Amino acid sequence: MSFSELLGNVGLFGAAVMCCLIALSIFSVGLIVDKHRRFRSASRQSQMFKPVFGKFLHGGEVKELIAAVQLHQDSHVTRVVAAGILEYNGVRQTGGDPVASLELVTSALEDSKAETLIQMKRGLGYLATIGSTAPFIGLFGTVVGIINAFRGIAATGSGGMAVVSGGIAEALVATALGIFVAIPAVVAFNHFTGKLENFQVEMNRASSQLVNCLFKVPEVMVREVKVPVLGVTEEAYAAR
């Protein structure tokens, strides 16, 4: 049976099921391409931003960091760092105590991380839904195809292959199409979920490094003191 003959034997419900699966497939592929492009851009810009951020952590200028933030706005790390540094800079410019702004900066960092994750997760729920429901939609098409096969048997009064082949072919095509739609959606969902976990780790690390840089605990300075009597060198600690 050719493909055109198969389409000619497809009933109304079978055609509706196939059209639904085709639409879900197109939507799923478009969403996968969009999320892949966004995640790749976020990873690439984060890698470009990290050297500037590392330079700031080792005594760089705030102006350079803010300029880098404006150039890499698609980066998840940049969004978190921008929220913290802008909050800290705003408190300092208004004459407030920068040390007392620790709670405000921490809150801004947490809010930025949560908002960034929500934005990056957007659309993944659709992939999960498509991956879990597409096989069942295909199974519904399978049932419809089997029903059409039995209707053909009832109409002709015989059970030859010529009678049931149309319904069986419709059922198998619906099943295959449902699986074909579900597999890429499930694979992409798991892949993007793993990416999001890595992004979350990077944002947590960047926020911790920023807080430690802006609100330094007094460091311990080690100096050597020679004791002539004992003839050994002891370590004395002084806070600076």
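Colleague: Which residues of H5 are buried?

Modeller: Happy to start there, with the reminder that this is a predicted model. H5 runs over residues 102–121, and the face turned away from its buried side carries the exposed residues Glu-103, Asp-111 and Ile-118. The buried residues of H5 are Val-105, Ala-108, Leu-109, Ser-112, Lys-113, Thr-116, Leu-117 and Met-120.

Colleague: How wide an arc do they cover around the axis?

Modeller: Take the buried set from Val-105 to Met-120 that I just listed. Those residues sit on the same side of H5, because around the axis they cover an arc of only 160°.

Colleague: What length does H5 reach from its first C-alpha to its last?

Modeller: H5 has 20 residues, and at 1.5 Å a residue the expected value is 28 Å. The model comes close to that, with a reach of 29 Å.

Colleague: Which residue just after H5 takes a positive phi?

Modeller: Look just past the end of the helix, where phi is about 100°. The residue there is Gly-123.

Colleague: Let's turn to H3. Within what arc do its buried residues fall?

Modeller: In H3, residues 62–71, the buried ones are Val-62, Leu-65, Ala-68 and Val-69. Seen down the axis, they line one face of the helix, because they fall within an arc of 125°.

Colleague: Which helices do the buried residues of H3 pack against?

Modeller: The face of H3 turned away from the buried side carries Lys-63, Gln-70 and Leu-71, which are exposed. On the buried side, the packing is against helix H2 (12–57) and helix H4 (76–93).

Colleague: Is His-72 buried or exposed?

Modeller: His-72 is placed in the loop between H3 and H4. Leaving out residues up to four places away in sequence, His-72 touches Gln-45, Met-48, Phe-49 and Thr-78. Its relative accessibility is 9%, so His-72 counts as buried.

Colleague: Which helix gives the most to the largest nonpolar core?

Modeller: That core has 43 residues, and those with the most contacts inside it are Phe-49, Phe-56, Val-81, Leu-127 and Leu-210. At least two residues of the core come from each of H2, H3, H4, H5, helix H6 (124–156) and H7. With 14 residues, the helix that gives the most is H7.

Colleague: Which cysteine does Phe-56 touch?

Modeller: Not counting residues up to four places away in sequence, Phe-56 touches several partners, including Val-62, Leu-65, Ile-85 and Leu-210. One of the others is a cysteine that is buried, at a relative accessible area of 16%. This cysteine is Cys-213.

Colleague: How many disulfides are there?

Modeller: A disulfide needs two cysteine sulfur atoms within 2.5 Å. Cys-20 is partly exposed, with a relative accessible area of 34%. Its sulfur is 8.8 Å from the closest cysteine sulfur, in Cys-19, which is too far for a bond. The count of disulfides comes to 0.

Colleague: How far apart in space are Leu-177 and Ile-137?

Modeller: Leu-177 lies in helix H7, residues 161–214, and among the residues it touches are Met-18, Leu-21 and Ile-22. In sequence, Leu-177 and Ile-137 are 40 residues apart. In space, C-alpha to C-alpha, the distance is 9.3 Å.

Colleague: Over which residues does pLDDT stay under 50?

Modeller: For the protein, the mean pLDDT is 79, and 77% of the residues reach 70 or more. One stretch stays under 50, and the model has 26 contacts for it beyond four places in sequence. That stretch is residues 217–240.

Terms used
Residues are numbered from 1 along each chain as its sequence is written. This is a predicted model: local features need pLDDT of at least 70, side-chain atom pairs count only at pLDDT 80 or more; totals for chains, interfaces and linings use all residues. Side-chain values use heavy atoms; hydrogens and water are left out. Buried means under 20% relative accessible area, exposed over 50%, partly exposed in between (1.4 Å probe, protein chains only). Helices (H or I, at least four residues) and strands (E, at least two) are DSSP runs, numbered from the N terminus. Contact means heavy atoms within 4.5 Å. The arc is that of the directions from the helix axis to the C-beta atoms. pLDDT is the predictor's confidence in each residue, from 0 to 100. The expected span of a helix is 1.5 Å times one less than its number of residues. A nonpolar core is a set of buried Ala, Val, Leu, Ile, Met, Phe, Trp, Tyr and Cys residues joined through side-chain atoms within 4.5 Å.
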